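Colleague: Got a minute? I'd like to walk through this one with you.
Modeller: Sure, let me pull it up.

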Amino acid sequence: MSENLPHIIPGLPPEVDEGFATYHTTKQFYYEVQTRLEFQRYCEWYNQTAEQHRQELKKMRGELNIFRLFRRQSSI
């Protein structure tokens, strides 16, 4: 990235070029950290929701299905 900077702004002193490169690297690092944290939070939310749905499904399978009784009576 820093090798392209003289083409954008010709005549920059080397200190400015180094400072910009440091700033850019730091910004990329924090963006990467933020992106990974958001992805981790999403994965945790997804796993919690999936577990909750599994528990609800297990509970529903154990309950009496009233609609099944109506379907059997109507076919008789």
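Colleague: What share of the residues is buried?
Modeller: Buried residues make up 4% of the 76 residues in the protein. Keep in mind that this is a predicted model.

Colleague: And how much accessible surface is there?
Modeller: About 7,600 Å² for the protein, and 59% of that belongs to carbon and sulfur atoms.

Colleague: OK, the fold. How many helices and strands does the protein have?
Modeller: Three helices and zero strands. Going along the sequence, you read the pattern α-α-α.

Colleague: Now charges. How many salt bridges does the structure hold?
Modeller: Two. As background, side chains of opposite charge can pair when their charged atoms come close. One bridge joins the side chains of Glu32 and Arg36, at 2.7 Å from N to O.

Colleague: How far apart are Glu32 and Arg36 along helix H2?
Modeller: They are four residues apart in helix H2, which covers residues 14-62, so about one helical turn separates Glu32 and Arg36.

Colleague: Is Arg36 buried or exposed?
Modeller: Arg36 counts as exposed because its relative accessibility is 57%, and the cut-off for exposed is over 50%. Its partner Glu32 has 37%, so Glu32 counts as partly exposed.

Colleague: Which side chains meet in the other bridge?
Modeller: Those of Arg54 and Glu51, at 2.8 Å from N to O. Both residues lie in helix H2 as well, three residues apart, which is about one turn of the helix.

Colleague: How accessible are those two, starting with Arg54?
Modeller: Arg54 has 49% relative accessibility, so Arg54 counts as partly exposed. Glu51 is at 36% and also counts as partly exposed.

Colleague: Switching to rings. How many aromatic pairs do you get?
Modeller: The count comes to three aromatic pairs. One of them is Phe29 with Tyr30, an edge-to-face pair with 5.4 Å centre to centre and 75° between the planes.

Colleague: Why is that one called edge-to-face?
Modeller: Because the angle between the planes of Phe29 and Tyr30 is 75°, and over 60 degrees counts as edge-to-face. In general, a pair of aromatic rings is described by the distance of the centres and the angle of the planes.

Colleague: What about Tyr30, is it buried or exposed?
Modeller: Tyr30 counts as exposed, at 54% relative accessibility. There's also a tilted pair, Tyr42 and Tyr46, with 6.1 Å centre to centre and 40° between the planes.

Colleague: Where do Tyr42 and Tyr46 lie?
Modeller: In helix H2, four residues apart, about one turn of the helix. Tyr42 is partly exposed at 44% relative accessibility, and Tyr46 is partly exposed too, at 47%.

Colleague: Which residues do the ring pairs link into a cluster?
Modeller: Tyr42, Trp45 and Tyr46.

Colleague: Last topic. Which residues form the nonpolar patch on the surface?
Modeller: Leu64, Ile66, Phe67, Leu69 and Phe70. Together these residues have about 600 Å² of accessible area.

Colleague: Let's take Phe67. Which helix does Phe67 lie in?
Modeller: Helix H3, which covers residues 66-75.

Colleague: And is Phe67 buried or exposed?
Modeller: Exposed: the relative accessible area of Phe67 is 63%. That is over the 30% that a residue needs to count towards a patch.

Colleague: Nice, thanks. I'll go and look at those side chains on the screen.

Terms used
Residues are numbered from 1 along each chain as its sequence is written. This is a predicted model: local features need pLDDT of at least 70, side-chain atom pairs count only at pLDDT 80 or more; totals for chains, interfaces and linings use all residues. Side-chain values use heavy atoms; hydrogens and water are left out. A salt bridge is a side-chain nitrogen of Lys or Arg within 4 Å of a carboxyl oxygen of Asp or Glu. Helices (H or I, at least four residues) and strands (E, at least two) are DSSP runs, numbered from the N terminus. Buried means under 20% relative accessible area, exposed over 50%, partly exposed in between (1.4 Å probe, protein chains only). Rings of Phe, Tyr and Trp (its six-membered ring) pair if their centres lie within 6.5 Å; planes under 30 degrees apart count as stacked, over 60 as edge-to-face and the rest as tilted. Patches are made of residues with over 30% relative accessible area and no salt bridge: like charges are joined within 9 Å, nonpolar side chains (Val, Leu, Ile, Met, Phe, Trp, Tyr) within 5 Å. Accessible areas come from the Shrake-Rupley method with a 1.4 Å probe; for residues, only the protein chains shown count as cover.
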